[in-house]
Amino acid sequence: MADVVVVGSYNHDYVWRSTQLPMPGETRLGTFTSGPGGKGFNQAIAAARQGARCAFIGALGEDAAGEAALALAASEGLSVYIERQPDFATGSAAILLDAAGQNMIVVGPGANAALRAAHVRLHAALIAGTTVLMLQNETTLAACAEAMQIARQARVLTLYNPAPAADAMALALLPLTDVLTPNESEFVALLRQTGVVIADDAFAGHVDEDLHVLCRRLSVPTVVLTLGARGAFVSHADNNLRGDVVTHYRHAAEAATVLDTTGAGDAFNGGLAAALARAPQAVFADAVRAAGRVAALAVERAGAALAMPLRSEVLARFSE
């Protein structure tokens, strides 16, 4: 059994750091590191390190990167249900970072783009028996839709992080989503599908009531809009407040000395899933607070999966 099941991606990250991100056509000197990543795997590690019994369903190539992913999962106590893809390399990501921790990322999906719905279906009992199912946009629509349909039939909470933005996936998965967690650019892309066009930088000027109205356009019971250093905005449907006393509110970001923002959203999502699984009847704001604290510690460290903090570290940093 698992508290959280993640259907998602594993990518091996190749990271270049320089004082500034290069302009088009510009070459800059920097430093290089590599390590485990991928939105799904990052989120699974984050949830597991927060104490959730976590299972990861995904696809890997038959290569050294795939073997490294399996070894890391075993060392983290993460249960994995992997479809090996001999015709595809394990997914990879090229990440550029500047001195402020801001990033630019290009992902090569590799085996992630070949994950089959049939493989997910083999693990239907695992999904149906979990508390939270978590998904993103770095694997196939067929696999994600299969997992969400299984969860919906079993009344399992579905947490969908629509990242990176992918219009076709979102259109199919939003009706099966209980909790949606876009960042600002992903939210803009989702709104565009409803006929609402706004600029990426327009959020600073929106009052909470306006943001709530925009969130309700997506017809998802709960939207958690992540706003980086400005925290998060939560919007509930009127008939499903998840223990909160108001339909919408902001949650401030925790103070952090930012080193690397690469896995910030994944840390937040993994922390949110773990908190919801740990106390499904608690007020939703408590889970959002816990998620923000996981993200705050993650951005103070370099890397993605390996930057995810332990629950003991979160408790030690934040006394309440």
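Q: What makes two strands a pair?
A: Two strands pair if DSSP finds at least two bridges between them. Strands themselves are DSSP runs (E, at least two residues), and helices are runs of H or I with at least four, both numbered from the N terminus. This is a predicted model, where local features need pLDDT of at least 70, side-chain atom pairs count only at pLDDT 80 or more, and totals for chains, interfaces and linings use all residues. Residues are numbered from 1 along each chain as its sequence is written, and side-chain values use heavy atoms, leaving out hydrogens and water.

Q: How do you know that strand 11 and strand 12 pair?
A: Antiparallel pairing joins strand 11 to strand 12 (residues 232–236) over 5 bridges, and the definition asks for at least two. One of the partnerships is T222 with H236 in strand 12. The two strands form a hairpin with 5 residues between them, and G228 in the turn has a positive phi of about 65°.

Q: Why is strand 11 called largely enclosed?
A: Buried means under 20% relative accessible area (exposed is over 50%, partly exposed in between; 1.4 Å probe, protein chains only). In strand 11 (residues 222–226), 5 of the 5 residues are buried, so the rest of the structure largely encloses it. T222, V224 and T226 point one way, V223 and L225 the other.

Q: How do you know that the span of helix 5 agrees with what is expected?
A: The expected span is 1.5 Å times one less than the number of residues. Helix 5 (residues 141–153) has 13 residues and should therefore span 18 Å; its end C-alpha atoms are 18 Å apart, which agrees.
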